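Open the model in your viewer and keep the selection tool at hand. This tour goes stop by stop.

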Amino acid sequence: MTSFDLLIRAPRAIMPDGERAVSIGVNAGRIARIGALDIPATAREIVTLGDDTVLLPGLVDSHVHICEPGNTDWEGFLTATRAAAAGGITTLVDMPLDSVPTTVTLEALAAKRSAADGQCHVDVGFWGGAIPSNLADLPKLHAAGVLGFKSFLCDTGTDDFPGISPEHMESVMRVVARLGSTFIVHAESAEASARMPTISTRRYADYLASRPKGIENLSIAEVIEAARTTGARAHILHLSSADALPMIASAIEDGVRLSVETCPHYLTLSAEEIGDGETAAKVGPPIREARNQERLWGGIAEGTLDMIVSDHSPCTPDMKALDTGDFGAAWGGISSLQLGLPVMWSAARQRGYALADIVRWMAERPAELAGLAHKGRLAVGGDADFAVFAPDAEFTVDPARLHHRHPVTPYAGKTLTGVVRETFLRGRRIEPFGRPRGAFIARDGVAAGETQELKRSA
């Protein structure tokens, strides 16, 4: 009889070909066998799920800001990855800014890995940063294992991660294309943004008016044409403006190597419901009107939008200007690692979508973006990453039960459907307050030994 380290018998599991009953055997952290629910087998641990839970692949979140080192009082690896595990996420990719130093050199990448070492409850990869001064560093970062390169086309508000011009973007894309890597971009036009007035207001409508859709639309058009010219693979981060969907679809149809993501807050919150002074909901680009949200859902239905990630962007409560409610002064960012799955499931099921759609948007596609073929799906040979999800259970969001460092959230008090019961990383149950067992992820072709060597040289 076949023996495994772990055997999960799941009457309901989301497989690449849809939902069905399976038994999954795990050895050495990998899925070793997938068979019938009653397949004869033994294991050191056998987990038998009930009909009220569904086995999902561990989710992959390719858009997470962890501010350690340098701004660990905003967010750290320990708290962010604990929140991720509680939300069914088993792999995340860290953005290259909001920490000190920003991840734009080999030394900075080594500092990131050193800060994260021993603190991660889930597996963690890193994006490198492309800024005006580090074009020569990109091949070195690629060789060290970063999963791609991020830039801003607008002012970031920080001197150590300046935005790049559209002209420089083409130079970055040519390097990225030569490396066979991916360019991911915050697409808002610096030139158009500079024409907008500085605001100091408690009215959300004033903030929304200061970040019109045209700022995104203009910048996205520039990304498309640069990708068309250079042949680079480009990815639009956190799409807010539904106006841009037709030109994105047209570019993809033309063969431009382009993909696009959006976030739970753009699909489930609307400008009309954000009250004056409610700066917990400030994010950039902004949450827009309900009619724009409906068009984003239309992009999902058409398949132009097929990736949903958190853009977990934490800060201290003071930085959110909760006392004054000033949208001009407040930090723009929403932290939702722990809540993204139930937020999206609550909205998606009402629109007739299935859990297989959630898995495609929040696990398969982000894993593909990051080049992680062994993540995001239940398949033999893949990592044994699982989320045990109760799709009909309900709960009310209580900030005191959130694990990220400062549980400021616009979802407080909302009733959501879907509860993560357990999360497994490479065949082992994640204990939120136990010893972190997450590993670093490098792009394919970079051996773990090279990664460790870089860590030791920091």
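At 1.5 Å a residue, what span should the 18 residues of helix 7 have, and how far apart are its end C-alpha atoms? Select residues 213-230 to find out. The expected span is 26 Å, and the end C-alpha atoms are 26 Å apart, so the two agree. Bear in mind that this is a predicted model.

**Stop 1: along helix 7**

Stay on helix 7 and color its buried residues. They are Ile215, Glu216, Asn217, Ser219, Ile220, Val223, Ile224, Ala226, Ala227 and Thr230. Now step just past the end of the helix to Gly231. Its phi is positive, about 80°.

**Stop 2: the partner helix**

Add helix 4, residues 166-179. Two packed helices are described by the angle between their axes and the distance between the axes. Helix 4 and helix 7 pack at about 40°, and their axes are 9 Å apart. An angle of that kind makes helix 4 oblique to helix 7. The crossing is right-handed.

Show the side chains where they meet. From helix 4, pick Pro166, Met169, Glu170, Met173, Arg174 and Ala177. From helix 7, pick Glu222, Val223, Ala226, Ala227, Thr229 and Thr230. Among these helix 7 residues, Val223, Ala226, Ala227 and Thr230 are buried.

**Stop 3: Arg288**

Go to Arg288, in the loop between helix 9 (264-268) and helix 10 (290-302). Is Arg288 buried or exposed? Its relative accessible area is 4%, so Arg288 counts as buried.

Select its contacts next. They include Leu208, Pro212, Lys213, Glu216, Ser240 and Leu269. Arg211 is also one of them. The backbone oxygen of Arg211 lies 2.8 Å from a polar atom of the Arg288 side chain.

**Stop 4: two cis peptide bonds**

Remain in the loop between helix 9 and helix 10 and pick Pro285. The peptide bond from Gly284 to Pro285 is cis, with omega near -5°. Then jump to Pro101, in the loop between strand 7 (89-94) and helix 2 (106-116). The bond from Val100 to Pro101 is cis as well, with omega near 5°.

**Stop 5: two alanines with positive phi**

Select Ala28, in the loop between strand 2 (18-27) and strand 3 (30-35). Its phi is positive, about 50°, although Ala28 is not a glycine. At 71% relative accessibility, Ala28 is exposed.

Finish at Ala321, in the loop between helix 10 and helix 11 (340-350). Phi here is near 50°, again positive in a residue other than glycine. Ala321 is buried, with a relative accessible area of 7%.

How values were computed. Residues numbered from 1 in each chain as written. Predicted model: local features only at pLDDT ≥ 70, side-chain atom pairs only at ≥ 80, totals over all residues. Heavy atoms only, no water. Helix = DSSP H or I, 4+ residues; strand = E, 2+ residues; numbered from the N terminus. Expected span 1.5 Å × (residues − 1). Buried < 20%, exposed > 50% of the residue type's maximum accessible area, 1.4 Å probe, protein only. Polar contact = N/O pair within 3.5 Å; in protein donor to acceptor, adjacent residues only side chain to side chain. Contact = heavy atoms within 4.5 Å. Axes fitted to C-alpha atoms, helices over the stretch in contact; angles between N-to-C directions. Parallel < 35°, antiparallel > 145°, perpendicular 65-115°, else oblique. Left-handed = near helix turned anticlockwise from the far one by under 90°. Lists of a residue's contacts leave out its neighbours within four places in sequence.
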